[in-house]
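Student: Hey, I've just opened this one and I'm new to it. Can you walk me through it?
Tutor: Sure, ask away.

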Amino acid sequence: MWRKVQLAITNIRFLSQKRGITILKNVFFHLWAQLSGKVYPQLPYALSLELSGVCNLKCPQCPVGLGLIKRAQPFMSKEDAYKIIDEFAPFGTVLNLYFQGESLLNPNFCAITNYAAKQKVFTILSTNAAFISKNTATNLVQSGIHRIIISVDGADQQSYEKYRSGGDLETVWRSISWLMQARKSQARLRPEIIVQTLVNKYNEHDLSVIKDKALTLGADRVVFKTMQLYSDREVWLPKTKKFQRYKRQNQAVKINRCFRAFSSMVITSDLSYVPCCFDKFANHRLNTPNQTLRQVAKTDKRRAFLSQIYKHKTGHSICENCSMGRKV
């Protein structure tokens, strides 16, 4: 309990007057758009940087794992990342250092994280943990990363590799131990370690085992999420209803609001600015070459994208896989 209080208190340091105003503007204009249907895009308070567009695993419901996503540039360069962070930091609060690929494949990951942390931006990594050795764990903690989400999708190798094809569960468990050791040896409060499980038919009976082991190793929290499915839903959907993102096979998507899309943006490894974390193929690219984040955030393209949600209340095809669009 005391640790949770400490984490909450330290979160205050990520706010400044400009960042607070950005958050308040997003909340106000999000509510205004719901009531009036009129959209006035604001600067995002949260941003996702795809530091890697490639991955070491072959997850069967992941566009990267299936080989469907081929970015023109597999890794975001350190120089591009620094430039974006410089522009975002004055008004932005949360920086997700991941999107589709495995971020730790980017050789400059720790340098980029450290650069963002020095500007007091709250940084988050989501990883399959395949590359977290003892030395890497030490470097990650030293980099100043604030939160690390580790994917653990099974209690044993058989159920784990059903989805994390090519992965090794014991490697993942060891990575958590090394991160906890590094955090303790450096006497640091962060990174917060969160174990995340995508619940499916093959692991839904293992959830208590996963949670117990993760907490025993020192993880701060364990989160169970619904699984995004592009095909073969009957193969993957769990029987437990609360973990079914798709309640009916032909469920219509009715969405008239989305604070996530209103308040955040994503930049892919090849520098495509996209409006939402569900635009995995960058089909709704917002930017033209040399546009800044401030310019892209208020473009007519972004306004039109959001207006289809708030004004026309139809959403987009990508909303069909979103937990918000699915009303879960």
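Student: Let's start with a single residue. Is Ser36 buried, partly exposed or exposed?
Tutor: Ser36 counts as partly exposed, because its relative accessibility is 31%. Keep in mind that this is a predicted model.

Student: Okay. Which helix is Ser36 in?
Tutor: Ser36 lies in helix α2.

Student: And how far apart are Ser36 and Lys311, in sequence and in space?
Tutor: In sequence they are 275 residues apart. In space, the C-alpha to C-alpha distance is 7.8 Å.

Student: What about α12, which of its residues are buried?
Tutor: Helix α12 covers residues 300-310, and its buried residues are Arg302, Phe305, Leu306, Ser307, Ile309 and Tyr310. The elements that cover them include α2, α10, β7 and α11.

Student: Switching to strands. In what order do they sit in the sheet?
Tutor: The order is β6-β5-β4-β3-β2-β1-β7-β8. That's an open sheet of eight strands with mixed pairing. At the edges you find β6 (221-225) and β8 (273-274), each of which pairs on one side only.

Student: Which helix packs on the sheet, touching β1, β2, β7 and β8?
Tutor: That's α3, residues 78-88. The direction of α3 makes about 180° with that of β1.

Student: Back to the β6 edge. How many bridges join β5 to β6?
Tutor: Five, and the two strands run parallel. For instance, Val195 has Val222 in β6 as its bridge partner, and Gln196 stands opposite Val223 in β6.

Student: What does Gln196 pair with in the other direction, towards β4?
Tutor: There the bridge partner is Ser151. β4 and β5 also pair in the parallel sense, over five bridges.

Student: How many residues of β5 are buried?
Tutor: Seven of its seven residues, so to speak the full strand. Glu192, Ile194, Gln196 and Leu198 point one way, while Ile193, Val195 and Thr197 point the other way.

Student: Why would they split into two sets like that?
Tutor: In a regular strand, side chains alternate between the two faces of the sheet.

Student: What about β3, which residues are on each side there?
Tutor: Phe122, Ile124 and Ser126 are on one side, with Thr123, Leu125 and Thr127 on the other. Both faces are covered, and all of these residues are buried.

Student: How does β3 pair with β2, parallel or antiparallel?
Tutor: In the parallel sense, over three bridges. One of the bridge pairs is Val94 with Phe122 of β3.

Student: Now helices. How do α3 and α4 pack?
Tutor: Their axes are 10 Å apart, at an angle of about 15°. The two helices are therefore roughly parallel to each other, and their crossing is right-handed.

Student: Which residues make that contact?
Tutor: From α3 you have Lys78, Ala81, Tyr82, Ile85 and Asp86. From α4 you have Ala111, Ile112, Tyr115 and Ala116.

Student: And α5, which of its residues are buried?
Tutor: In α5, residues 134-143, they are Thr136, Ala137, Leu140, Val141 and Ser143. Seen down the helix axis, these buried residues fall within an arc of 160°, so they line one face of α5. On the other side, Lys134 and Asn135 are exposed.

Student: What does the buried set of α5 pack against?
Tutor: Against α4, β3, β4 and α7.

Student: What comes right after α5?
Tutor: Gly144, with a positive phi near 95°.

Student: Which residues other than glycine have a positive phi?
Tutor: Lys120 is one of them, with a phi of about 60°. Lys120 sits in the loop between α4 and β3 and counts as partly exposed because its relative accessibility is 44%. Ala187 has a positive phi too, near 55°. Ala187 is in the loop between α7 and β5, and with a relative accessible area of 71% Ala187 is exposed.

Student: Last one: where is the cis peptide bond?
Tutor: The bond from Arg190 to Pro191 is cis, with omega near 15°. Pro191 is placed in the loop between α7 and β5.

Definitions and conventions
Residues numbered from 1 in each chain as written. Predicted model: local features only at pLDDT ≥ 70, side-chain atom pairs only at ≥ 80, totals over all residues. Heavy atoms only, no water. Buried < 20%, exposed > 50% of the residue type's maximum accessible area, 1.4 Å probe, protein only. Helix = DSSP H or I, 4+ residues; strand = E, 2+ residues; numbered from the N terminus. Contact = heavy atoms within 4.5 Å. Pairing = 2+ DSSP bridges. Axes fitted to C-alpha atoms, helices over the stretch in contact; angles between N-to-C directions. Arc of directions from axis to C-beta. Parallel < 35°, antiparallel > 145°, perpendicular 65-115°, else oblique. Left-handed = near helix turned anticlockwise from the far one by under 90°.
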